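Open the model in your viewer and keep the selection tool handy. We will go from stop to stop together.

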Amino acid sequence: MSMSNHAPMNVFDIAGRAMSAQLVRLNATASNMANAGNVTGSAGEAYRAIKPVFESVTDTPGVSTVKVKNVVTTSAQPTKRHDPNHPLADANGDVWEAAVDENAELVDMIETARMYQNNVQVLNTAKSLMMETIRIGK
């Protein structure tokens, strides 16, 4: 998707958009972690993890960033567990646990935080370079 109708992207636009995309990713991970371990009385009602789908946004050759195209529900299936004493158990005494891999979510959360921090560092570096350029120009 070209951004030709707008002013060309600069380093602040690029890093800012990347940070926004990572926040969506972090929110999805938080939702998944919040629902991990939840149980329901049927497989259809069980929570399934969500994931953002990113899309590259290219302004000009060599200048691109990312945006969230959409957020999808994963195809992971809930885990059936026999627990006849659970209040949500069906007639067979089964409950379904949310389809969330907590370990994978934790890894994703760490990766997301690092990517976000990398973009913060890009912004700080760009700001420092601009300030140094102004100082030299005086």
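Here is the tour, with a selection for each stop.

This is a predicted model, in which local features need pLDDT of at least 70, side-chain atom pairs count only at pLDDT 80 or more, and totals for chains, interfaces and linings use all residues. Residues are numbered from 1 along each chain as its sequence is written, and side-chain values use heavy atoms, with hydrogens and water left out.

**Stop 1: residues 13-41.** UniProt (unreviewed entry) labels this range "domain: Flagellar basal body rod protein N-terminal"; such annotations may be inferred rather than shown by experiment. The range is 79% helix and 7% strand, with its end C-alpha atoms 46 Å apart. Helices are DSSP runs of H or I with at least four residues, and strands are E runs of at least two, numbered from the N terminus.

**Stop 2: residues 98-135.** The unreviewed UniProt entry gives this span as "domain: Flagellar basal-body/hook protein C-terminal". Its end C-alpha atoms are 56 Å apart, and its content is 89% helix and 0% strand.

**Stop 3: the core.** Select Ala36, Tyr47, Ala49, Ala98 and Val100, the five residues of the largest nonpolar core. A core joins buried Ala, Val, Leu, Ile, Met, Phe, Trp, Tyr and Cys residues through side-chain atoms within 4.5 Å. Now center on Ala98: leaving aside residues up to four places away in sequence, Ala98 touches Asn35, Gly37, Asn38 and Tyr47 (contact means heavy atoms within 4.5 Å).

**Stop 4: Met130.** Is Met130 buried or exposed? Met130, found in helix 2, counts as partly exposed because its relative accessibility is 45%, between the limits for buried (under 20%) and exposed (over 50%), using a 1.4 Å probe and protein chains only.
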